[in-house]
Amino acid sequence: MARFDWYQASVPAEVPVLRRALESLCDGRAEWSDMPRAPHGFGQGAKLADMDGPLLQVWWGGCHQRPHVVVPGEAAAAAADLLRGEFRGHTVSRADVCEDYADPGAYDRLQGIALGVARERGIKVGTAGDHLVTMQGRTL
């Protein structure tokens, strides 16, 4: 089943309200830590971690009017649901969708199709994962 594995958006909310809402994504204890420097012209930033490790980042201030949320990985789908439900006026700047396949030969079969579509439509292609050594976790 397809799901988000990265979700990034500017959110029309006060930072404390947004941070409290995002804490609901944590399994167990939620812990915020200030970032020494926020990227892209934001004045401040904070990282949220749960018991399993880093979960997301929030950047705000500086030359930006709205706080910005960056959620890579497993929490992205839940974050998208949360932002879509509670902060309907948010604007998405990046959303990556993935679908995992474990069938033998699936990667090679799908890679050919994907590369054909990329050539036809002028789409830039990249790869990620430990596909050169273990042949697992390949991403196109």
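Visitor: Why is cysteine 98 called buried?

Guide: Happy to start there. In this predicted model, cysteine 98 has a relative accessible area of 13%. Buried means under 20%, so cysteine 98 earns the word.

Visitor: And what makes cysteine 26 count as buried?

Guide: The reasoning runs along familiar lines. Cysteine 26 comes out at 11% relative accessibility, and the cut-off is under 20%, so buried is the right label here too.

Visitor: How many disulfides does the count give?

Guide: The count is zero. A disulfide is a covalent bond between the sulfur atoms of two cysteines. For the count, a pair of cysteine sulfur atoms has to lie within 2.5 Å, and zero disulfides come out by this rule.

Visitor: Let's turn to histidine 90. Where is histidine 90 found?

Guide: Histidine 90 sits in the loop between helix 2 (76-86) and strand 6 (91-98).

Visitor: Is histidine 90 buried or exposed, and what makes you say so?

Guide: Its relative accessible area is 13%. Set against the limit of under 20%, that value makes histidine 90 buried, loop position and all.

Visitor: Which residues is histidine 90 in contact with, leaving aside its neighbours within four places in sequence?

Guide: They are Tyr7, Ala9, Ser10, Val11, Pro12, Arg66, Leu83 and Arg84.

Visitor: What joins the side chains of histidine 90 and tyrosine 7?

Guide: A polar contact of 2.8 Å does. The cut-off for such a pair of N or O atoms is within 3.5 Å, and 2.8 Å meets that.

Visitor: Serine 10 was on that list. Why is serine 10 called buried?

Guide: Serine 10 has a relative accessible area of 17%. The definition asks for under 20%, so serine 10 is buried as well. Its place is in strand 1 (residues 3-10).

Visitor: Which residues does serine 10 touch, not counting those up to four places away in sequence?

Guide: Serine 10 touches Arg66, Pro67, His68, His90 and Thr91. With histidine 68 there is also a polar contact between the side chains, at 2.8 Å.

Visitor: Stepping back, what pattern does the protein chain follow along the sequence?

Guide: The order is β-α-β-β-β-β-α-β-α-β-β, which amounts to three helices and eight strands.

Visitor: And how many of the residues are buried, as a percentage?

Guide: Buried residues account for 34% of the 140 residues in the protein chain. Cysteine 26, for one, counts as buried at 11%.

Key:
Residues numbered from 1 in each chain as written. Predicted model: local features only at pLDDT ≥ 70, side-chain atom pairs only at ≥ 80, totals over all residues. Heavy atoms only, no water. Helix = DSSP H or I, 4+ residues; strand = E, 2+ residues; numbered from the N terminus. Buried < 20%, exposed > 50% of the residue type's maximum accessible area, 1.4 Å probe, protein only. Polar contact = N/O pair within 3.5 Å; in protein donor to acceptor, adjacent residues only side chain to side chain. Contact = heavy atoms within 4.5 Å.
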